[in-house]
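Reader: Hi! Could you walk me through this one while I have it open?
Author: Happy to, here it is.

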Amino acid sequence: MASRFWRSAIKEALEISLRRRAAAVGPSVRQLSSSAASELPKLKPKIPPLSKKGRILTGGVIGLCIAGGAYVSTADEAKFCGWLFDFTKVINPVFSLLDAELAHRLAVLAASHGLVPREKRSDPPSLGLEVWGRKFSNPIGLAAGFDKNAEAVEGLLGLGFGFVEVGSVTPLPQEGNPKPRIFRLPEERAVINRYGFNSEGIVVVAKRLGAQHGKRKMEETSGSSRASSPSSTASADDNQIKQGGKAGPGILGVNLGKNKNSEDAMADYVQGVHTLSQYADYLVQEARDEMQWGEEGPPPLLVKIAPDLTKEDLDDIAAVALNLRLDGLIISNTTISRPPPVDQYPISKEAGGLSGKPLFDLSTNVLKEMYLLTRGKIPLIGCGGVSSGEDAYKKIRAGATLVQLYTAFAYGGPALIPQIKAELAECLERDGFKSVQEAVGADYREIN
């Protein structure tokens, strides 16, 4: 049964490939987006009025900006940057006093309006690596689900993530599941959510990413002009090793989803590829009950898998991934299981996917299994329960080339990012690794 399923998946992958190639001679993405926009229902985001706690939080953020402006004239850039990140430790706990979804919404708005610190310090050289021909300044990324509609890409990349993944993005706007749909388990640093792919739709996301892409190009053009002037000290070599991707200082991934009531899931994914590929450094599709595959091509196409798959499923996925020379796998999504001690809490009865620290062991075991099955030939992104540099290091030693987090960021805030990077660099140095790449799959290599 499973073999027939994956054979069908391969056939569908070939169909995606053919449609992607056909798109090259079809209408432009801009024309496609414009015509689609007139047919899409308008979905206005519903933002509830701020509560008293919300107003206090907003005031605190504004105060942070004012204080920062006063401080910057008396401190060097690196010290000021560190001070800003440290100050978020004071602000972030306020978010825990708010409704979970409201807190999420406010965090996205803060990042979209530049009300978050911007990392000015260089990453440790040992954290830099190249994947899919793209240079990452560090392997720590933000998983899909935080910035669903690409509202805050620039602000999030500015926090110092090596890459940020937005989405899931559906072709048509949809509200998602009824509220409440997100539940905290602070004692376990975990979250249960059933958002249900709430999305403003492809056209809105493409417009936002297009604007940012244009801004990025203008900055590059301006920078090139300055570099070519006689007074410039920049060299051609400096431009060749420039970090970052299409969206800015870091790499941008876009996670594609299908509409809840769609009758053609394949068409939904293909539309996502056609419309958003020009703005993304990589694309991601989900794999749960249905599996959609795509062959290698620019931008890289990755597939995200759940941690609840059977051994037979993992064997089949690895075989198909190797056969199609898939660009990468993200391991893993949230889990529908409730491992101890989460199962002891009444809130564990809520439907939805569990993320956070309780997911770490389960997702890491699946990661290691897939690294063994794919023989280290496919880049893997380790996701699930990462909350420290040591956690990220364990994912890397188990086979991950890159690492993603989400729930830990929700609890720890911006200050967690430089902390994880510093801890990861210390782990590498402690064990004698000069780079992240040297440590990938180290546990597997030592076993054999």
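Reader: Let's start with a single residue. Is L326 buried or exposed, and why?
Author: L326 counts as buried, because its relative accessibility is 4%, and the cut-off for buried is under 20%. Keep in mind that this is a predicted model.

Reader: Noted. And where is L326 found?
Author: L326 sits in the loop between helix 10 and strand 10, the strand being residues 328–331.

Reader: How far is L326 from P300 in space?
Author: Their C-alpha atoms are separated by 8.4 Å, with the two positions 26 residues apart along the chain.

Reader: What about A306, where is that found?
Author: A306 lies in the loop between strand 9 (301–305) and helix 10. A306 has 5% relative accessibility, so A306 counts as buried. In space, A306 and S332 are 5.1 Å apart, C-alpha to C-alpha, although they are 26 residues apart in sequence.

Reader: Can we zoom out for a second? How many helices and strands are in the chain?
Author: The chain has 16 helices and 13 strands. Of its 448 residues, buried ones make up 52%. Looking at contacts with a separation of 6 or more, 73% of them are between residues 24 or more positions apart.

Reader: Nice. Back to helix 10: at what angle do helix 10 and helix 11 pack?
Author: Helix 10 (residues 311–323) and helix 11 (residues 360–373) pack at about 45 degrees, and their axes are 9 Å apart. That angle makes helix 10 oblique to helix 11.

Reader: Which residues make the contact?
Author: From helix 10 there are K311, L314, D315, I317, A318 and L322, and from helix 11 there are V366, E369, M370 and L373. The crossing of helix 10 past helix 11 is right-handed.

Reader: Staying on helix 11, what does Y371 touch?
Author: Setting aside residues up to four places away in sequence, Y371 touches G376, L380, A398, G399, V440, G441 and Y444. Y371 is in helix 11, and at 10% relative accessibility Y371 counts as buried. The C-alpha atoms of Y371 and L329 are separated by 9.9 Å, with the two residues 42 apart along the chain.

Reader: You mentioned G399. What is the phi of G399?
Author: G399 takes a positive phi of about 130 degrees, and G399 comes just after helix 12.

Reader: And how do the axes of helix 11 and helix 12 lie, how far and at what angle?
Author: Those two axes come within 9 Å and cross at roughly 25 degrees. Helix 11 is therefore roughly parallel to helix 12. F360, S363, T364 and L367 of helix 11 meet D391, K394 and K395 of helix 12.

Reader: Is helix 12 mostly covered or mostly open?
Author: Mostly covered, as seven of the nine residues in helix 12 are buried. The buried ones are G389, D391, A392, Y393, K395, I396 and R397.

Reader: How do helix 12 and helix 14 pack?
Author: Helix 12 (residues 389–397) and helix 14 (residues 416–430) pack at about 55 degrees, with axes 7 Å apart. The two are therefore oblique to each other, and helix 12 passes helix 14 in a right-handed crossing. At the meeting, G389, E390, Y393 and I396 come from helix 12, while helix 14 brings I420, E423, L424, C427, L428 and R430.

Reader: Switching topic: what is S126 in contact with?
Author: Leaving out neighbours within four places in sequence, S126 is in contact with A425, L428, K434, S435 and V436. The place of S126 is the loop between helix 5 (100–112) and strand 1 (129–131). With 15% relative accessibility, S126 counts as buried.

Reader: Last stop, helix 4. Where does helix 4 bend?
Author: Helix 4 bends at K89, by about 35 degrees, and a proline, P93, follows within four residues.

Reader: How does the span of helix 4 agree with what we should see at 1.5 Å a residue?
Author: Helix 4 (residues 77–95) has 19 residues, which at 1.5 Å a residue should span 27 Å, and the end C-alpha atoms are 27 Å apart, so the two agree.

Reader: Great. Which residues of helix 4 are buried?
Author: F80, C81, G82, L84, F85, T88, I91, N92 and F95 are the buried ones in helix 4.

Key:
Residues numbered from 1 in each chain as written. Predicted model: local features only at pLDDT ≥ 70, side-chain atom pairs only at ≥ 80, totals over all residues. Heavy atoms only, no water. Expected span 1.5 Å × (residues − 1). Bend = angle between axes of the 7 residues up to and from the residue. Buried < 20%, exposed > 50% of the residue type's maximum accessible area, 1.4 Å probe, protein only. Axes fitted to C-alpha atoms, helices over the stretch in contact; angles between N-to-C directions. Parallel < 35°, antiparallel > 145°, perpendicular 65-115°, else oblique. Left-handed = near helix turned anticlockwise from the far one by under 90°. Contact = heavy atoms within 4.5 Å.
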